[in-house]
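Trainee: I've got a new structure open and I don't really know where to begin. Can you walk me through it?
Mentor: Sure, let's take it topic by topic.

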Amino acid sequence: MALLPSKSLVFTVRRQEAELVVPCEPTPHECKPLSDVDDQEGHRFHVRGFHFHQSNLSMKGQDPAKVIKEALAKALVFYYPFAGRLREGPNRKLIVDCTGEGVLFIEADADVSLVDFGDELYPPFPCAEELLYDVPGSNGLLNSPLLLIQVTRLKCGGFIFAHRFNHTMADGTGLSQFMTAIGEIARGALVPSTPPVWERHLLSARDSPLITYQHEEYSHNTSGPENGTIIPTDNLVCCSFLFRQSHISSLRRFVPHNLRCSTFDILSACLWRCRTKALKLDPNEDVRLICIVNARFKFKPPLPLGYYGNALGFPMASSSVGKLTQNPLAYALKLVKQAKTKVTEEYMKSTMDLLVTRGRPNVKLVGSYIVSDLTRAKFKEVDFGWGEAVFMGPETCWELISFYIPSKNKKGEDEIIVPVCLPASTMKSFVKELEDMMKDEPTVHADI
C-alpha cells in the first residue's frame, strides 16, 4: 500500500460559454418512466468523473472538443432520453420527458500539460471545479440537463474529458456504454456496436409487491434520524492509496487456505476493518459495509445486452465494532463474501418491491462504508480517436464511499487506486492501520 502525495498544481482554465447539444436528427417526443431501481433516493444526485487523454500524433490538427461534440450529437439520436428532462409523478415516480432539449457542453483550454499532473493520476484533482464547471442552475434533479460534458484542451495536445451525469439515468456500466458509443462514432462508426436498450419495465416492482428479504441495507426509519455515529464533516482530508499486486498478495497471507476470495473481497475487508479501527467507535456499536454489485447477470435470462439503466444491488455486511476490529481479517472477509451472495434475481425483485412500498428510501448511511469496484467497468476502453484514457475515475472522494479505480504502472502491471475521505486525525490512524496490516504476521482463526 502506498499513500499517494497530495498535489498543489495551479493553472488557469479558459472556458467558452456552455451550450446545449441536441440530437442531430429528429427523435421521439415521449415520456419514459425510469425503473424502480433507477429512481431510489440513493441515485438522485449527479456523479462527476474525469478522463485524461494523451496527445496522439495520428490526430494532429484535430480538435478533441469539436470531434466529441459532433459525435455526441449523433450518439444522442440513439440515446435520446439523455437529451430530455426528468419530471416527478405520483409516489415520487421519476419519468423522462424526451424533449430533445439537449445536454450541456463546455469547451475549454488550460495552460497546463498532462505531465504536470505527475506520473500517477488520482483524485482529488487540482482545479477540479474549473475542469468541470457547474453551470449555475443546471444541477437540479428535475427539469435540468441530465448530462454535462466539458472538454478541456491541454498545452501538450492531450485533453481532459469531464462529465457530470444524473445517476437515475444510468449506472457505471450504462454510462460507459453511452460513452463508448460516442467514441465509436467519433472514430467514424455510423451506429453504436451495442444498440442501446431502454426496457426499464424489466426492473420494476411486481404488481403484487412481496418483500422476501430483510433488506437491512435500506433505511426503514422515517420518523427521525438513524442511530449510530456520524463521521464529523469538518477538517476532512481526501487521500488516494495505491495497491499494487504485491500489496494484494501481502494481504492474502491472512486468508485461510480453504477460503477462495477475489481482490475485491480482500481489499474491501481490509479497508472496512482498518477504517473502523481508525474511527475508534464504541465496541458495541454496529457498523456496515455496503457493496455495490452489478446484477445484470443475476437474472434468468440476464438483462438484455445494451441495457443502460441502473442494475445495481446494495448487499450489506454488518458487525459490531468489537467483533470486526478484534477478530483477524478472515472474519471481515467472510462477511463480505456472504453479503455478495445475497444478490440473486429474487433479491433484486424484493428490492424493487421494497423501494416502491416504502417511498423509495436511501440505503443506510449512518455507520456505513460503501465500496464500488470500477476495475471491471469499461470506461478505460472509451476511445475518441486519441486512444484509451490514461486515467478514468471520480474527480474527488467522499466520506462514505470509496471507488476502486483501475490503473497501470509503467511496466503495464495492473494496480488499484482507492480514494478515501476521513477527518484529518482519523486519516493518520487509518494510514497506520493499513501499514500495520502490510507487515503483520497473519492469524487465520476467526470467531464468527
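Mentor: One term before we start: buried means under 20% relative accessible area, exposed means over 50%, and partly exposed is in between, using a 1.4 Å probe and protein chains only. Also, this is a predicted model, where local features need pLDDT of at least 70, side-chain atom pairs count only at pLDDT 80 or more, and totals for chains, interfaces and linings use all residues. Residues are numbered from 1 along each chain as its sequence is written, and side-chain values use heavy atoms, with hydrogens and water left out.

Trainee: Okay, try me on one. Is H51 buried or exposed?
Mentor: H51 is buried, because its relative accessible area is 1%. You'll find H51 in strand β5; strands here are DSSP runs of E with at least two residues, helices are runs of H or I with at least four, and both are numbered from the N terminus.

Trainee: What is H51 in contact with, leaving aside its neighbours within four places in sequence?
Mentor: Contact means heavy atoms within 4.5 Å. The partners of H51 on that basis include F159, F161, H163, F379 and M392.

Trainee: Let's zoom out. Which domains does the chain have?
Mentor: The assignment gives domain 1 (2–203) and domain 2 (216–438). Bounds like these come from an automatic or database domain assignment. Taken over C-alpha atoms, the centres of domain 1 and domain 2 are 24 Å apart.

Trainee: And how many residues of each are in contact?
Mentor: 73 residues of domain 1 are in contact with 54 residues of domain 2. Between them the two domains bury about 5300 Å², with 62% of that on carbon and sulfur atoms. Buried area is the accessible area (1.4 Å probe) that two parts lose on being put together, summed over both.

Trainee: How many salt bridges are there between domain 1 and domain 2?
Mentor: Four. A salt bridge is a side-chain nitrogen of Lys or Arg within 4 Å of a carboxyl oxygen of Asp or Glu. The elements giving two or more residues to the side of domain 1 that touches domain 2 are β1 (2–3), β5 (46–53), α1 (64–78), β10 (159–166) and α3 (172–186). The largest share of that side comes from α3, with twelve residues.

Trainee: What kinds of residues are on that side of domain 1, by class?
Mentor: There are 34 nonpolar, 23 polar and 16 charged residues. Ala, Val, Leu, Ile, Met, Phe, Trp, Tyr, Cys and Pro count as nonpolar, Asp, Glu, Lys and Arg as charged, and the others, Gly among them, as polar.

Trainee: Back to salt bridges. How many in total by that rule?
Mentor: The count comes to 29. One of them pairs R164 with D134, at 2.5 Å from N to O. That pair links distant parts of the chain: R164 sits in strand β10 and D134 in the loop between α2 (128–131) and β9 (147–153), 30 residues apart.

Trainee: Are those two buried or exposed?
Mentor: R164 counts as buried, because its relative accessibility is 2%. D134 is partly exposed, with a relative accessible area of 33%.

Trainee: Got another pair for me?
Mentor: Try D414 and K408, whose closest N and O atoms are 2.5 Å apart in a salt bridge. D414 is partly exposed at 44% relative accessibility. Elsewhere, D36, D39, K93 and R360 are joined into one network by salt bridges that share partners. Within it, D36 forms a salt bridge with R360, with the closest N and O atoms 3.0 Å apart.

Trainee: New topic: backbone oddities. Where are the cis peptide bonds you'd point to?
Mentor: The bond from P123 to P124 is cis, with omega near -5 degrees, and P124 is in the loop between β8 (103–110) and α2. The bond from K300 to P301 is cis too, with omega near 0 degrees. P301 is in the loop between β13 (293–294) and β14 (312–313).

Trainee: Why do those get flagged?
Mentor: Because most peptide bonds are trans, and most residues other than glycine have a negative phi.

Trainee: So which residue has a positive phi near 60 degrees?
Mentor: That's N91, a residue other than glycine. N91 lies in the loop between β6 (85–88) and β7 (94–97), and counts as exposed at 68% relative accessibility. C127 also has a positive phi, near 55 degrees, and its place is in the loop between β8 and α2.
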